[in-house]
Amino acid sequence: MDRNPQPGKAAVQGRGVIARYGAFLPVTAATPVVSLGEGNTPLIFSPRLSAAVGRGCEVFVKCEGLNPSGSFKDRGMTVAVSKALARGAQALICASTGNTSASAAAYAARAGMRCAVVLPAGKIASGKMVQAFIYGARIVAIDGNFDQALEIVRALGARDDFAIVNSINPDRIAGQKTAAFEIVDELGDAPDLHLLPVGNAGNITAYWAGYQEYCAAGKATRHPRMIGFQAAGAAPIYRGEVVTKPETVATAIRIGNPASWAQATRAIEESRGLIDIVTDEEILDAQRWLASAEGIFVEPASAAPIAGLLRAGAAGHASCFSASSIPDGSRIVCTVTGHGLKDPEVVSAAIPPPQPVSPNESAVWRALENGRS
Ligand code: F0G
């Protein structure tokens, strides 16, 4: 692989992760780059989250919902689709809980390729469904869950000219490593702890590969402990067994048999990290807390690591990831993987029905005063 030095800032601004980190990716100068300007997402210092953890810890939130299709999937999709195009593939296919399909559909549109997505019926957040549709994907819903959809996609990929763009495609994992690179580039070194949600387990695998690679390249002096969170009703890695009927409000991580299970286990072991669970109630509380306390609106799955961190910060809880897992003064990064607007229903249900008042200043003032009491 060509290990060119990183190009200058002006040459890569807004051109995506291949332009910025091509030297670390499985591409050559001849690869046709399909990019929507993904990556370079904000790493936001979060004062209230830091205070909730206490003991001089600093917490940063890596906002992956600000990628072009609203989730971290775009980092891997640019590489997978560019490589598929280079090989002459005509069509992409994926199984998805919603974000992979949104991203695949967007990058297929950009590349002028066809895209088919296989989804668990009734379990895809509405914003993600809208995305697959508007980008022009062919959508097939199955009466089954994500794990079954992925099995079907593996079979279809083997028998046709489809390029599979799930994270079983190593180009996806390669692209997703770039989030770890960005974090190290911005903080000057790796954080002490890295927290993220785990579903099909591709992303934890990718971050770990990224941190290791940056260490090997001399760009980081250490690596973080990788801390993954699954939803309590969809926690195969935590429980050590396949979950045949996964259930959680966080539909993005409603997965019972992760494809990258072994790699995730290795990442956790090698980094001396751990895997823990959070309940749906903790997820929804953390989602609302992050929005109202820090101004960051994420989808439910993305709130899982925040829920785990808040629980660990509130002393005394006997969970796997607890205050004792967090040394004083730790630098902590939480990846929030997808934008809150993708799944409006989960929040809309909690909004009280509006009661209109007269369209004048005093009526509105009175309503505000009432709201305050
Ligand atoms: N967060 C969000 C918002 C996701 O969409 C996903 C996975 C994850 C976390 C978990 O990441 O699978 O790499 O462990 N979504 C996939 C999809 C499964 O089809 O969109 P993972």
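**The ligand site and Leu310**

I will begin with the ligand, where one of its oxygen atoms lies 2.8 Å from a polar backbone atom of Thr100. Please keep in mind throughout that this is a predicted model. A backbone N or O atom of Asn200 lies 2.7 Å from an oxygen atom of the ligand, and a polar backbone atom of Asn203 is 2.8 Å from an oxygen atom of the ligand. As for how much of the ligand is covered, taken alone it exposes 480 Å², and the protein buries 98% of that area.

Where, then, does the ligand sit? The ligand occupies the largest cavity, and the elements that give two or more residues to the shell around it are helix H5, residues 99-111, and helix H10, residues 202-216. In total 21 residues surround the ligand, and the closest of these are Ser96, Asn99, Asn200, Ala201 and Thr337. By residue class, the shell divides into 8 nonpolar, 11 polar and 2 charged residues.

Let me turn now to a residue I would like to place on the structure as well, namely Leu310, which lies in helix H14, spanning residues 304-313. Leaving aside residues up to four places away in sequence, Leu310 touches Leu49, Ala52, Ala286 and Trp289. For Leu310 and Ser71, the C-alpha to C-alpha distance is 23 Å, with their positions 239 residues apart in sequence counted as separation.

Conventions: Residues are numbered from 1 along each chain as its sequence is written. This is a predicted model: local features need pLDDT of at least 70, side-chain atom pairs count only at pLDDT 80 or more; totals for chains, interfaces and linings use all residues. Side-chain values use heavy atoms; hydrogens and water are left out. A residue is near a molecule or strand if one of its heavy atoms lies within 4 Å of it. A polar contact is a pair of N or O atoms within 3.5 Å; within protein, one must be able to donate a hydrogen and the other to accept it, and residues adjacent in sequence count only if both atoms are side-chain atoms. Accessible areas come from the Shrake-Rupley method with a 1.4 Å probe; for residues, only the protein chains shown count as cover. On a 1 Å grid over the protein atoms alone, a cavity is a set of points where a 1.4 Å probe fits but cannot get out, and a pocket is an open set with protein on both sides within 12 Å along at least five of seven lines; lining residues have an atom within 4 Å of a point. A molecule sits in a cavity or pocket if more than half of its atoms lie within 2 Å of its grid points. Helices (H or I, at least four residues) and strands (E, at least two) are DSSP runs, numbered from the N terminus. Ala, Val, Leu, Ile, Met, Phe, Trp, Tyr, Cys and Pro count as nonpolar, Asp, Glu, Lys and Arg as charged, and the others, Gly among them, as polar. Contact means heavy atoms within 4.5 Å.
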